[in-house]
Amino acid sequence: MEHDSTSLTPAEITGLANAIDRPLVLVGMMGVGKTTVGRKLASMLGMPFVDADEEIERAAQMSIPEIFATYDEAYFRSGERRVIARLVGHGRPGDRKVLATGGGAFVDPATRALILECTISIWLDSDVDTLLDRVGRKGNRPLLKQGNPREILTRLLDERRSAYEQAAIHITSMNQPHQMTVNSILKALQAWL
């Protein structure tokens, strides 16, 4: 089998997986592909995958749109902070997993500080057109129900960029197969470690 130069060999992936000693946390805008990419990345590295939004819904026994409708964004962010703190284990050595966070999680200063201290943070970045295409497939985005989705995504990306830029690794996820993004993450992790 011919080796694709954009991806690591199975032996390189095994070596990389063995070198990772803490959670990998994917941050970035809604629709960038954190959950899909995270599942593929976790599978390739032989690690568990956890979606923070699913854990928040489980803990609250409500969907995220229901939490936003019943309470408010500040209430949601407070719960999100507690759930992420539990999931990253406050930096327990050897706690290896891939965690996908919600789009606003890394913007919260306390959550961001915890992620930066205890994990390897990976910012999945994308342009607004790609985000619009992806979020249009789901109707469960409470922040996009408050006006023009393009304007909201553009504003949120502008507001959040300075937080996202603090992540250890920056990967651009364009309108391409998610496996290409996973390959980019693996290469960047190999270089970072």
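Reader: Is the crossing of H7 with H8 left-handed or right-handed, and what makes it so?

Author: In this predicted model, H7 passes H8 in a right-handed crossing. The name applies because the near helix is turned clockwise from the far one by less than a right angle.

Reader: Why is H7 called oblique to H8?

Author: Start with the angle: the axes of H7 (residues 128–135) and H8 (residues 149–164) cross at roughly 125 degrees, and they come within 10 Å. Roughly parallel would need an angle under 35 degrees, roughly antiparallel over 145, and roughly perpendicular 65 to 115, with the rest counted as oblique. The value fits none of the named ranges, so H7 is oblique to H8.

Reader: Which residues in H7 and H8 meet?

Author: On the H7 side they are Val128, Asp129, Leu131, Leu132 and Val135, and on the H8 side Pro149, Arg150, Leu153, Thr154 and Leu157. Sorted by class, the contact of H7 with H8 has seven nonpolar residues, one polar and two charged.

Reader: How do you know that Asp129 and Arg150 form a salt bridge?

Author: The N to O distance between their side chains is 2.8 Å. The rule asks for a side-chain nitrogen of Lys or Arg within 4 Å of a carboxyl oxygen of Asp or Glu, so the pair qualifies. Asp129 sits in H7 and Arg150 in H8, 21 residues apart, and the pair thus links distant parts of the chain.

Reader: What are Asp129 and Arg150 called, buried, partly exposed or exposed, and why?

Author: Buried means under 20% relative accessible area and exposed means over 50%. Asp129 has 47%, so it counts as partly exposed. Arg150, at 42%, is also partly exposed.

Reader: And how do you know that Glu159 pairs with Arg155?

Author: Their side chains meet at 3.2 Å, N to O, which makes a salt bridge. Both residues lie in H8, four residues apart, about one turn of the helix. As for exposure, Glu159 has a relative accessible area of 47% and is therefore partly exposed; Arg155, with 40%, is partly exposed as well.

Reader: What makes Glu54 and Arg39 a salt bridge?

Author: Their closest N and O atoms are 3.2 Å apart, and the limit is 4 Å. Glu54 belongs to helix H3 (residues 52–60) and Arg39 to helix H2 (residues 34–45), with their positions 15 residues apart in the numbering, and the pair links distant parts of the chain. Glu54 counts as partly exposed because its relative accessibility is 36%. Arg39 has 42%, so partly exposed is the word there too.

Reader: How many salt bridges does the rule give, and which residues are linked in a network?

Author: The count comes to 10 salt bridges. Glu55, Arg58 and Arg86 are linked in a network of them. In general, side chains of opposite charge can pair when their charged atoms come close.

Reader: Why are H1 and H9 described as oblique to each other?

Author: The axes of H1 (residues 10–19) and H9 (residues 178–192) cross at roughly 55 degrees and come within 10 Å. That angle is not under 35 degrees and does not reach the 65 to 115 range. H1 and H9 are therefore oblique. Their crossing is left-handed.

Reader: What meets what in the contact of H1 with H9?

Author: Glu12, Ile13 and Leu16 in H1 meet Leu186, Leu189 and Gln190 in H9. By class that gives four nonpolar residues, one polar and one charged.

Definitions and conventions. Residues are numbered from 1 along each chain as its sequence is written. This is a predicted model: local features need pLDDT of at least 70, side-chain atom pairs count only at pLDDT 80 or more; totals for chains, interfaces and linings use all residues. Side-chain values use heavy atoms; hydrogens and water are left out. Axes are lines fitted to C-alpha atoms, for helices over the stretch in contact, and angles run from 0 to 180 degrees between N-to-C directions. Helices (H or I, at least four residues) and strands (E, at least two) are DSSP runs, numbered from the N terminus. Contact means heavy atoms within 4.5 Å. Ala, Val, Leu, Ile, Met, Phe, Trp, Tyr, Cys and Pro count as nonpolar, Asp, Glu, Lys and Arg as charged, and the others, Gly among them, as polar. Buried means under 20% relative accessible area, exposed over 50%, partly exposed in between (1.4 Å probe, protein chains only).
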